[in-house]
Amino acid sequence: MNKVSAPSASPRKDGKKEVAKAMAARDNTSGTKENKILVAYFSHSGNTRVIAQQIHASLGGDLFEIVPVDSYPRDYDAAVEQARKELSTAYKPKLKSKVQNMKSHTVVCVGYPCWWGTIPRPVATFLSEYDFSGETIAPFCTHEGSGLGRSVTDIRALCPHSTVLNGLAVRGGHVKKAQNEVYGWLREIGLEK
Ligand SMILES: Cc1cc2nc3c(=O)[nH]c(=O)nc-3n(C[C@H](O)[C@H](O)[C@H](O)COP(=O)(O)O)c2cc1C
């Protein structure tokens with residue numbers, strides 16, 4: 001399914017320090033030890049959902065599916081064409097539901113399939129709907145060749161006051177065997193228990 005390709009990019013940052021800082025800051029300001037993790041993901045054909053579930057099973061916290069009001073065509077080519085149009089107009093599709101208690105989360109893992117080398121537009125809507133200032137975002141994606149593409153750069157542009165950690169990119173066809181990759185990434189960014 002490698003019909004669309006884009007250059008890959010994976011900006012690096014010292015994740016462990018960033019997450020520890022985020023956790024400590026939250027403890028200091030709220031006086032609680034809540035430090036809840038949210039795993040929020042969009043998935044068109046199920047691959048990203050598998051990774052989201054692996055992360056959630058490992059970290060606990062809350063799991064939230066980003067679902068657009070108008071679903072995308074199941075047909076691959078039709079979905080690709082719709083996604084292309086939406087990207088070219090920076091369209092932000094309406095989402096079906098909202099996270100009720102966003103502020104109780106210290107770290108938000110955001111998952112998506114790489115679409116046209118970046119985040120699908122429902123993820124752009126999600127990132128614009130909340131104030132992630134001072135929060136830590138850990139991006140993960142599934143793809144068929146582009147890796148993270150320019151998605152992390154685009155997330156940073158949408159959330160300029162957040163700490164956006166190193167992203168994880170997993171081949172769509174490998175998601176069921178990706179557990180070690182997922183654990184390795186969680187360890188690298190300092191989230192593994
Ligand atoms: C609209 C659309 C655009 C895509 N664009 C890319 C792309 O630019 N690069 C890439 O490697 N894969 C691309 N793919 C493939 C998906 O990223 C890949 O199949 C992914 O694992 C699907 O995840 P999901 O099952 O969670 O939707 C695209 C797929 C679709 C439907």
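1. A quick definition before we start: helices and strands here are DSSP runs, numbered from the N terminus, with at least four residues for a helix and at least two for a strand. Keep in mind, too, that this is a predicted model.

2. With that in hand, find the loop between α3 (76-88) and β3 (105-113), where Ala90 sits. Ala90 isn't a glycine, yet its phi is positive, at about 50°. Its relative accessible area is 47%, so Ala90 counts as partly exposed.

3. Now move along to the loop between β3 and α4 (121-129), which holds Trp116. Here again a residue other than glycine has a positive phi, this time near 50°. Trp116 is partly exposed as well, with a relative accessible area of 30%.

4. On to the ligand. It has 23 residues around it, and the ones that come nearest are Ser43, Ser45, Thr48, Cys114 and Thr142. Sorted by class, the shell has 10 nonpolar, 12 polar and 1 charged residues.

5. Which elements supply at least two residues each to that shell? They are α2 (47-59), α3 and β4 (136-143). The largest share, 4 residues, comes from α3.

6. Have a look at the ligand's oxygen atoms next. Ser45 puts a polar side-chain atom 2.5 Å from one ligand oxygen, and Thr48 has a polar side-chain atom 2.7 Å from a ligand oxygen. Glu144 uses its backbone instead: an N or O atom there lies 2.8 Å from an oxygen of the ligand. As for cover, the ligand on its own has 640 Å² of accessible area, and the protein covers 99% of it.

Conventions
Residues numbered from 1 in each chain as written. Predicted model: local features only at pLDDT ≥ 70, side-chain atom pairs only at ≥ 80, totals over all residues. Heavy atoms only, no water. Buried < 20%, exposed > 50% of the residue type's maximum accessible area, 1.4 Å probe, protein only. Near = heavy atom within 4 Å. Polar contact = N/O pair within 3.5 Å; in protein donor to acceptor, adjacent residues only side chain to side chain. Areas by Shrake-Rupley, 256 points an atom, 1.4 Å probe, with all protein chains shown as cover. Nonpolar A, V, L, I, M, F, W, Y, C, P; charged D, E, K, R; others polar.
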